[in-house]
Amino acid sequence: MAASETGRSGALSQGARAQRVTTRCNELATFTEEPGQIIRPYGTPALAAARAKVAHWMREAGMDIRVDAIGNLRGRAKGSDPTAPALLLGSHLDSVRDAGRYDGPLGILVAIEVVDRARQSQRARPFPVEVIAFADEEGLRFQTTYLGSCALAGSFDPAFLDLIDADGMTLREAVGTFGGDADALPDAALGPGEARAYVEVHIEQGPYLESVDAPVGVVTAIAGQSRILTAFSGEAGHAGTVAMHLRRDPLPAAAEIVLAAEELARQTSGLLATVGMIEATPGASNVIAGRANFSLDVRHPEDPVRTSAVSALEWRVHEVASARSLGVEWRIARNHPAVPCDPSLTTRLAEAVAAAGLPVEQLPSGAGHDAVVMSEVVPVAMLFVRCAGGISHHPAEFVMTSDVAAAVDVLDRFVDMLADEKLG
Ligand code: GLV
Ligand code: MN
Ligand code: MN
């Protein structure tokens with residue numbers, strides 16, 4: 001480390017800490033199920049290896065670590081009053097398919113820097129600070145979301161354990177292969193009074209902060225989302241011999257729903273509807289599909305608008321199935337209402353942004369975050385970091401190291417404010 005990167009106390013400079021976060025994001029990007037892309041679904045060897053690396057960094061920052069029954073990594077810095085409710089910081093370590101390198105890891109690594117600063121300055125905080133690397137936020141493998149935070153919040157539905165991945169493995173089995181224990185999941189839940197708040201740093205995943213030239217922004221609320229798995233079933237057959245009027249082809253039916261979802265969202269202010277996954281089986285160019293499976297992701301900041309859009313799409317799915325004599329399946333995988341961030345934590349976070357000499361921008365989140373589930377048990381707040389072009393869930397995801405430095409500075413100040421209040 002160059003001399004200019006350390007202060008008189010030997011502590012790393014702000015810029016060096018931000019550079020370390022960026023370097024570590026790059027290093028975590030090498031933990032993947034498929035070289036050349038970032039793919040780190042729940043329970044995989046790539047996620048386990050990334051978790052081991054983060055555990056190493058947490059230990060270096062002076063934290064005691066443990067892995068809970070679902071596979072969340074929890075690093076804990078005791079603080080001068082180890083029995084006080086802990087401040088929880090963190091984000092998720094799993095990824096989508098062909099992901100960027102900052103969605104999730106950034107929040108974990110910024111939080112580790114904040115804990116490391118207390119170690120370097122030998123100034124214990126008056127309460128424990130825990131950094132959590134959640135094991136599943138994206139839901140890539142089991143088509144659900146927030147498995148990690150549900151376990152910590154004590155809202156893990158045991159029915160999830162019967163979910164099956166693309167290779168036929170149940171979530172119960174996957175928990176076991178990930179070193180967890182499906183029968184001990186209730187033990188992963190936070191106890192009463194164990195935590196005082198959860199605060200997450202995350203890339204914005206949208207273009208607002210870039211448009212106002214602000215490095216960070218304070219999140220006001222997180223939009224609600226519904227994830228639905230649906231399917232049409234018909235009759236497979238020969239593409240060259242079955243006459244068009246005799247076919248029961250589920251794929252054009254699915255295409256009707258793709259277009260219906262797009263049209264509904266375009267006509268409804270603030271509504272977002274996405275079919276991100278579609279699969280036709282048996283899947284050959286000269287075979288009429290027998291079945292089409294597809295997903296629907298529906299989001300809106302106002303819950304009644306989202307739920308009525310979901311009902312309208314369900315009605316349309318059944319209408320299309322009946323008009324085309326197809327079988328139909330409709331399963332709501334997850335429904336999450338919109339979540340407001342805690343007003344008092346959010347005010348403090350805004351004060352920390354101002355104290356860092358940065359413009360105070362406030363914005364809602366269209367993306368889902370572990371903070372949604374954590375809000376069931378503790379007050380939550382979130383800090384967004386500007387990302388290039390608002391691009392996310394894509395390998396081009398990019399965050400400037402100077403913006404990472406801003407986020408580190410703001411989170412330092414925020415934690416110091418809470419510590420000063422506790423001491424004062
Ligand atoms: C998580 O990234 C989501 O919003 O889907
Ligand atoms: Mn994320
Ligand atoms: Mn994501």
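A residue is called buried here when its relative accessible area is under 20%, and in this predicted model threonine 145 counts as buried because its relative accessibility is 1%.

Threonine 145 is found in the loop that lies between strand S4 (129–134) and helix H4 (147–153). Leaving aside its neighbours within four places in sequence, this threonine is in contact with eight residues whose numbers fall in separate stretches of the chain: Asp136, Glu137, Glu138 and Gly139, then Gln225 and Arg227, and finally Arg334 and His336.

One of these contacts, Glu138, also belongs to a metal site, since the protein donors of the manganese ion (ligand 3) are Asp103 (OD), Glu138 (OE), Glu138 (OE) and His393 (NE2), at 2.0 to 2.7 Å from the ion. Along the chain these donors follow the spacing D-x34-E-x254-H. The pair of aspartate 103 and histidine 393 links distant parts of the chain, 290 residues apart, with the aspartate in the loop between strand S3 (86–92) and helix H3 (105–120) and the histidine in the loop between strand S16 (380–385) and helix H11 (401–423). Aspartate 103 in addition bridges the manganese ion (ligand 3) and the manganese ion (ligand 2), which lie 3.4 Å apart.

The relative accessible areas of residues discussed in this report are set out below.

| Residue | Relative accessible area | Class |
|---|---|---|
| Threonine 145 | 1% | buried |
| Phenylalanine 134 | 0% | buried |
| Aspartate 103 | 7% | buried |
| Histidine 393 | 41% | partly exposed |

Phenylalanine 134 has its place in strand S4, and, not counting residues up to four places away in sequence, its contacts include Asn72, Ser91, His92, Leu93 and Asp94, as well as Gly148, Ser149 and Leu152, together with Tyr198, Asp370 and Met374. By contrast, isoleucine 288, which is 154 residues from phenylalanine 134 along the chain, is separated from that residue by 42 Å between C-alpha atoms.

Strand S7 (residues 224–233) is mostly covered, in that eight of its 10 residues are buried. S7 is joined to strand S12 (residues 291–300) by 10 bridges, the two running antiparallel, and within this pairing isoleucine 228 has leucine 296 of S12 as its bridge partner. Nine bridges likewise join S7 to strand S13 (residues 327–336), again in an antiparallel arrangement, where phenylalanine 232 stands opposite valine 328 in S13.

Key. Residues are numbered from 1 along each chain as its sequence is written. Chains are lettered from A and ligands numbered from 1 in the order in which they are written. This is a predicted model: local features need pLDDT of at least 70, side-chain atom pairs count only at pLDDT 80 or more; totals for chains, interfaces and linings use all residues. Side-chain values use heavy atoms; hydrogens and water are left out. Helices (H or I, at least four residues) and strands (E, at least two) are DSSP runs, numbered from the N terminus. Buried means under 20% relative accessible area, exposed over 50%, partly exposed in between (1.4 Å probe, protein chains only). Contact means heavy atoms within 4.5 Å. Donors are N, O and S atoms within 2.8 Å of the metal (3.2 Å for Na, K and Ca); water is not among the atoms, so sites may look incomplete. Two strands pair if DSSP finds at least two bridges between them.
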